[in-house]
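User: Please take a close look at a single part of this model, and then set that part against the rest of the chain. I am new to this structure, so plain wording would help.

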Amino acid sequence: MNVLEADSEKLLEAVLGLLKGKGVVTPEEITARIASTDSASPAQGARMVARAWTDPEYRALMLRDGTVAAEAMDIPMRGLPPLGVLENTDEVHNLVVCTLCSCYPRAVLGYPPFWFKSAAYRARAVRDPRGLIAEWGTTLPEGMQLRVVDSTADYRWMVLPRRPHGTEGWSVEQLAAIVREGDMIGVTIPSV
Ligand code: FE
């Protein structure tokens with residue numbers, strides 16, 4: 001363990017001690033939160049996307065209030081920053097970045113991929129977003145606007161991608177299976 005880790009361990013212990021001592025949270029609540037964070041994965045967000053593709057009322061709810069929409073799918077959101085959902089359309093494609101650090105909607109997408117936290121991704125998402133997503137093989141149609149949205153400690157974003165052609169009549173489970181992590185960040189587009 002290096003010095004920095006030793007310091008952060010001490011800080012963590014001190015904060016945990018205060019939170020427990022002052023009755024802000026119980027040890028059980030902390031354990032439950034760690035378990036729910038560890039168990040979250042992009043499959044959660046994919047279930048939301050697939051439902052939005054098949055249920056217009058749910059889609060409207062998701063765009064209005066991502067937190068409520070996640071809770072409607074039994075995803076625990078209590079105490080987390082609000083979740084916003086950015087809809088990709090024929091005119092606009094959204095790309096999410098945290099320019100400052102690594103803010104990410106972990107409850108619905110799990111832990112961020114390593115590149116999301118990299119300085120290179122955070123800088124290029126702003127400087128050259130089209131060049132950046134091209135490295136994932138993503139090319140937007142001529143004239144489509146690319147909007148870069150900053151996730152912060154106060155607001156977390158996920159992308160609602162467009163439903164791909166050729167998926168007519170598919171079940172929600174089949175649809176959820178084609179939605180990848182990158183589709184909900186905006187570096188890729190779902191395809192069949
Ligand atoms: Fe951040």
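**A close look at one site**

Analyst: In this predicted model, cysteine 101 has a relative accessible area of 34%, so this residue counts as partly exposed. Cysteine 103 has 10%, which is under the 20% limit, and is therefore buried. Cysteine 98 is buried too, with a relative accessible area of 1%.

These three cysteines appear together in the list of protein donors of the iron ion: Cys98, Cys101 and Cys103 each give their SG atom. Two backbone positions complete that list, the N atom of Ser102 and the N atom of Cys103. Cys103 is therefore listed with two atoms, N and SG. The protein donors lie 2.1 to 2.7 Å from the iron ion. Along the sequence, the donor residues follow the spacing C-x2-C-S-C. Water is not among the atoms, so the site may look incomplete.

With cysteines listed at one metal, disulfides are a natural next topic. A disulfide would need two cysteine sulfur atoms within 2.5 Å of each other, and the count by that rule is zero.

The site can be placed within the chain as a whole. The protein is divided into domain 1, residues 3-36, and domain 2, residues 41-184. By these bounds, the iron donors Cys98, Cys101, Ser102 and Cys103 fall in domain 2. The centres of the two domains, taken over C-alpha atoms, are separated by 30 Å.

Isoleucine 34 gives a view from the other domain, since residue 34 falls within the 3-36 range of domain 1. Isoleucine 34 is located in helix α2, which covers residues 27-39. With a relative accessible area of 48%, isoleucine 34 is partly exposed. From isoleucine 34 to threonine 188 there are 154 residues in sequence and 29 Å in space, C-alpha to C-alpha.

Back in domain 2, aromatic rings are the next topic. Seven aromatic pairs are counted. One of them joins tyrosine 121 and tryptophan 136: the ring centres are 6.3 Å apart and the planes stand at 85 degrees, an edge-to-face arrangement. This pair links distant parts of the chain, with tyrosine 121 in helix α7 (residues 119-127) and tryptophan 136 in the loop between α8 (129-134) and β3 (145-150), 15 residues apart. Tyrosine 121 is buried at 3% relative accessibility, whereas tryptophan 136 is partly exposed at 32%.

Another pair is made by tyrosine 155 and tryptophan 157, with ring centres 4.9 Å apart and planes at 35 degrees, so the pair is tilted. Tyrosine 155 is partly exposed at 35% relative accessibility, and tryptophan 157 is partly exposed at 21%. Ring pairs also link several residues into a cluster, whose members are Tyr104, Trp115, Phe116, Tyr121 and Trp136.

Charged side chains come last. Side chains of opposite charge can pair when their charged atoms come close. A search of the whole structure finds seven salt bridges. In one of them, arginine 51 and aspartate 55 meet with a nitrogen-to-oxygen distance of 3.5 Å. Aspartate 55 is partly exposed, with a relative accessible area of 23%, and arginine 51 is partly exposed at 28%.

A further salt bridge joins arginine 162 and aspartate 90, at 2.7 Å from N to O. Arginine 162 sits in the loop between β4 (156-160) and α9 (172-176), while aspartate 90 sits in the loop between β1 (83-87) and β2 (92-97), so this bridge ties together parts that are 72 residues apart in sequence. Arginine 162 is partly exposed at 34%. Aspartate 90, at 56%, is over the 50% limit and so counts as exposed.

Arginine 124 and aspartate 128 also form a salt bridge, with 3.3 Å from N to O. Arginine 124 is partly exposed, with a relative accessible area of 23%, and so is aspartate 128, with 33%. These two residues belong to a network of salt bridges that links Arg124, Asp128 and Glu135.

To return to the part asked about: the protein donors of the iron ion come from Cys98, Cys101, Ser102 and Cys103. Among the cysteines there, Cys98 is buried, Cys103 is buried and Cys101 is partly exposed.

Definitions and conventions
Residues are numbered from 1 along each chain as its sequence is written. This is a predicted model: local features need pLDDT of at least 70, side-chain atom pairs count only at pLDDT 80 or more; totals for chains, interfaces and linings use all residues. Side-chain values use heavy atoms; hydrogens and water are left out. Domain bounds come from an automatic or database domain assignment. Buried means under 20% relative accessible area, exposed over 50%, partly exposed in between (1.4 Å probe, protein chains only). Rings of Phe, Tyr and Trp (its six-membered ring) pair if their centres lie within 6.5 Å; planes under 30 degrees apart count as stacked, over 60 as edge-to-face and the rest as tilted. Helices (H or I, at least four residues) and strands (E, at least two) are DSSP runs, numbered from the N terminus. Donors are N, O and S atoms within 2.8 Å of the metal (3.2 Å for Na, K and Ca); water is not among the atoms, so sites may look incomplete. A salt bridge is a side-chain nitrogen of Lys or Arg within 4 Å of a carboxyl oxygen of Asp or Glu.
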